Amino acid sequence: VGKKLEKLSMFIHEAARSTYAQSTALKNMVYNENKHALVNNVLNENFRSKEFKELWRSINRKYFYTVSYDSSELIQNAAAALAQELNVDEMLVKISTGNQIDAESFKEKSSRTELNLGIEGSSVKYDLVGDIAKGANITRRTATKILKSLSDEKFGLFAKNPEQFIARAVRIIKEQKATMLVEHIVYEPLSDTYSSNIFTEVKHSADASNIITSKHITDRLFYDAEVEKSFANELEKAEEVCVYAKLPRGFYIPTPVGRYSPDWAVAFKEGQVKHIYFVAETKGDISSMQLRKIENTKIDCARRMFNVDASKIRYEKVATFDDLLHCAGHTV
């Protein structure tokens, strides 16, 4: 009997191993299915409430903008900004000595760092005017006039570090251009509106970060950052809030520096605040916030578009629900 079992042991072991492997694979398959299952997060009764209908009707318009400004104003502002802000770092070169081990390996023995000779010692040819014109999306004529306005000391920085000079000059000119565009931008509504499908067209997996809601227009609110989760929880608890929506990326405002999507649309209870309908942008602690100039430009454009009739719709950048109440004009 022992010899018979010994002969069968290999087959029994293999059968057991195969059965376990199939069981494990099935378990993993079921787990992965659950992990990647999509949530059917449909619009709920809050979306159909009269308060949200009125809020959505008030902001559901597509817009176009026009901008008209004098290039001489840009030249003057950009020249002043470059004179004050433009600077470059010394170009350093690391010189290493050692042995070449093979085609891909080098064993370093010693190294030293020296100042680079800059453009004078470089074989790279730069089209300064063309590079700045292309980077800042301005004409060569405008770029030439801006560069001619620089002092000899500032212009001399180009030879010191050409690539950094071009990159930083382009950034400063674009910032000045963006500021001017906001000052001169005019928004006009189109006849087109957004479909309610934009709230549900993005599908989320079951394990994506979300909270269960009672005042949001869908039963689950999916969030990308903790600041969004915290703000949503404050909206849920606030007695002043009637209904709200986390606005999808499909809802956007055209700006000269790219599309911009606000974060929230909030409808307050009537009599609680002066501005019942509110579109808000949450960006964390405002006091320590260092938003990029481009992002600030988009936010400024949103202010100019939404706050034309501030008696009904109000847009602001806020960090907390208390900030939101303050901006909305709490009356009690």
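1. In this predicted model, helices H4 and H5 cross in a right-handed sense, and their axes, which come within 8 Å of each other, meet at roughly 115°. That angle makes H4 roughly perpendicular to H5, given that 65 to 115 degrees is the range counted under that term. On the H4 side the contact is formed by Leu128, Val129, Gly130, Ile132 and Ala133, which meet Arg140, Ala143, Thr144 and Leu147 of H5. Sorted by class, the residues joining H4 to H5 are six nonpolar, two polar and one charged.

2. Helix H5, which spans residues 140-148, has as its buried residues Thr142, Ala143, Ile146 and Leu147. Viewed down the axis of H5, these buried residues fall within an arc of 130°, so they line one face of the helix. The face of H5 that is turned away from the buried side carries Arg141 and Lys148, both of them exposed. Among the elements that cover the buried residues of H5 are H3, helix H4 (128-136), helix H6 (152-155) and H8. Two of the buried residues of H5, Ala143 and Leu147, also take part in the contact with H4 described above.

3. A further helix pair worth inspecting is H3, residues 71-85, with H8, residues 162-184, whose axes lie 9 Å apart and pack at an angle of about 135°. H3 and H8 are therefore oblique to each other, and H3 passes H8 in a right-handed crossing. From H3 the contact draws on Glu73, Leu74, Asn77, Ala78, Ala81, Leu82 and Glu85, while H8 supplies Ala169, Ile172, Ile173, Glu175, Gln176, Lys177, Met180, Glu183 and His184. By class, this contact of H3 with H8 comprises eight nonpolar, three polar and five charged residues. Both H3 and H8 also belong to what covers the buried residues of H5.

4. Val67 is located in strand S2, which covers residues 63-67, and it counts as partly exposed because its relative accessibility is 29%, a value that lies between the 20% limit for buried and the 50% limit for exposed residues. When its neighbours within four places in sequence are left aside, Val67 is in contact with Leu181, His184, Ile185 and Pro256. Of these partners, His184 is also one of the H8 residues that contact H3. The C-alpha atoms of Val67 and Met180 are separated by 9.2 Å, although the two residues are 113 residues apart along the chain. Met180, like His184, is listed on the H8 side of the contact with H3.

5. Thr297 belongs to helix H10, which runs over residues 293-306. With a relative accessible area of 3%, Thr297 is buried, since the cut-off for that class is under 20%. Once residues up to four places away in sequence are discounted, Thr297 touches Ala178, Val182 and Val257.

6. For the protein as a whole, eleven helices and twelve strands are assigned, and 38% of the 332 residues count as buried. Among contacts with a separation of 6 or more, 68% are accounted for by residues 24 or more positions apart. The separation of Val67 and Met180 by 113 residues along the chain, with their C-alpha atoms 9.2 Å apart, may be read alongside that figure.

Notes. Residues are numbered from 1 along each chain as its sequence is written. This is a predicted model: local features need pLDDT of at least 70, side-chain atom pairs count only at pLDDT 80 or more; totals for chains, interfaces and linings use all residues. Side-chain values use heavy atoms; hydrogens and water are left out. Axes are lines fitted to C-alpha atoms, for helices over the stretch in contact, and angles run from 0 to 180 degrees between N-to-C directions. Helices (H or I, at least four residues) and strands (E, at least two) are DSSP runs, numbered from the N terminus. Angles under 35 degrees count as roughly parallel, over 145 as roughly antiparallel, 65 to 115 as roughly perpendicular and the rest as oblique. A crossing is left-handed if the near helix is turned anticlockwise from the far one by less than a right angle, and right-handed if clockwise. Contact means heavy atoms within 4.5 Å. Ala, Val, Leu, Ile, Met, Phe, Trp, Tyr, Cys and Pro count as nonpolar, Asp, Glu, Lys and Arg as charged, and the others, Gly among them, as polar. Buried means under 20% relative accessible area, exposed over 50%, partly exposed in between (1.4 Å probe, protein chains only). The arc is that of the directions from the helix axis to the C-beta atoms.
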